[in-house]
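Please look through the sequence and the model below before reading on. The paragraphs after it are meant to be read with both in view.

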Amino acid sequence: MAKVRTRFAPSPTGYMHIGNLRTALYTYLLAKKDGGTFILRIEDTDQERYVDGAIDVIYNTLKMAGLQWDEGPDIGGPVGPYIQSERMGIFKDYALQLVDSGHAYYCFCDKARLEELRKVQQASGVSPMYDNHCRNLSKDEVEKKLSEGIPYVIRQKMPREGTTTFHDEVFGDITVENTTLDDNVLIKADGMPTYNFANVVDDHLMGITHVVRGNEYLSSTPKYNLLYEAFGWEIPKYIHCSPVMKNNTEKLSKRHGDASFEDLIEQGYLPEAVINFIALLGWSPKGEREIYSLDELIEVFDVSGIAKSPAIFDSVKLKAINGEYIRAFSLEKYKELAVPYIRKTCKREDIDIDVLAKVLQPRTELFTDIPDQVDFIDELPEYSTDLYIHKRMKTNVETSLEALKAALPVLEGLSDWNVDAIHEVLFELIAELGVKNGHVLWPLRVAASGKQFTPGGGIELLAILGKEDSLDRIRKGIELLSQEN
């Protein structure tokens, strides 16, 4: 069996959308699972859509995602060049081969005639197709027009009878009536190949064994196969993937504000978490497990797990997966990544950053959520005594005032100020008062933070803030609650 060779062939149009990156990922996994070769080819023949700097975006995105190519524009390889615009000299000769073998023909129809034809067909409710006007020109007629310098394109000559069947690894065997196949343009009037023709020739010349792409290309695949057959080339295996959708009716679209890979990273997602999530968009591993490193994905990836139905981009699930990755970090690694976000709203140097990191880590799904979680540390916000009222903790203004007044002298007398020491004296107080934990700990949390939701409970918050600031905040809480009583 031939060694697996796959290619990711993006167009440099500005950014890497999620569906594109998923294609790159599946293409990469397919090659690496069998010890094959993953090729990067840049398809830049559509100059109208070309965006300066977009090739660098492709390189950077793939590298950040861990999808390192084995052959490509920047590193070369045996079948280069790997930028399509640098391969322009080779396509015309292949098209002329098809003309000679009767699988293609010269078409001299001008734009005005084709536009008129399209209008007539649309008015008649017919799907626009070329009407084969030049398909049966005699050799002499063709030679005469060529000698007169009349502009032409080269069209693929589709069979007019029978059917064409192709096999897709996801969708199975698909058969189409040949009468539905349009005589596609292979070489345009300016001598440039169309995307569909260049794609087939390049895939053959680069020895591509498996083609992974979006299922919008399913309808073009019979035409590709007829080209392969006309040349006598081996047809690659096809893996067509259904789209990634925003919801049941809308595709993801950058134009409509949906995030690209770069956007997700800027929003605080980890590249490895995004890749893990993208792998599961339309592909299911065997079993219940969902968290996989890239190496583990290579091991378990199987084309049979790719679904026919579209995948829905579930941002809640992405966030949850990101949180799993963050919780798996060592505390030191977490602290290293979290501190820049902590410092966006917390500038104090006298806090216990280790305790803060420890309580933040299990509560962090996105690093960009951290600044809002710690914005009370530098300065206690103004808050309402309503925060002291908690149904589950069975606290109210009166009980909270009693709890803070009881806790203050106990904490004032504490010489060691750390989580264990604070925990010990407060739980002794709780036992002495004969109350539930929340009766004391909830008012302390509110007094320390002025917030309902915090990273960690009252004990951890006191340890983070330090003795002096903690006692000062408790006194302010007592004063605030006293005004209500």
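What follows is a walk through a sheet, two loops and a surface patch.

The model is a predicted one, and a convenient place to begin is its open sheet, in which three strands follow the order S3-S4-S7 with antiparallel pairing. Because strand S3 (104–107) and strand S7 (185–187) each have a single partner strand, they stand at the edges, and one side of each is left without a neighbour in the sheet. Between neighbouring strands of this sheet the turn is 40 degrees on average, with direction ignored. On the S3 side, the antiparallel pairing with strand S4 (residues 153–156) is made by four bridges, and the reader can locate this pairing in the model at Tyr106, which stands opposite Ile154 in S4.

Two backbone details in loops deserve a separate look. In the loop that lies between helix H2 (54–65) and helix H3 (91–101) one finds Pro81, and the peptide bond that joins Gly80 to Pro81 is cis, with omega at about 0 degrees. The loop between helix H4 (111–123) and helix H5 (139–147) holds Asn132, a residue other than glycine whose phi nevertheless has a positive value, near 65 degrees.

Finally, the attention can turn to the surface and to its charges. Which residues form a negative surface patch? Asp420, Glu424, Glu428 and Glu432 do so, and of these residues Glu424 can be placed in helix H16, which comprises residues 419–433.

Terms used. Residues numbered from 1 in each chain as written. Predicted model: local features only at pLDDT ≥ 70, side-chain atom pairs only at ≥ 80, totals over all residues. Heavy atoms only, no water. Pairing = 2+ DSSP bridges. Axes fitted to C-alpha atoms, helices over the stretch in contact; angles between N-to-C directions. Patch = residues over 30% accessible without salt bridge, like charges linked within 9 Å, V, L, I, M, F, W, Y side chains within 5 Å. Areas by Shrake-Rupley, 256 points an atom, 1.4 Å probe, with all protein chains shown as cover. Salt bridge = Lys/Arg side-chain N within 4 Å of Asp/Glu carboxyl O. Lys, Arg positive; Asp, Glu negative; His and termini not counted. Charge placed at Lys NZ, Arg CZ, Asp CG, Glu CD.
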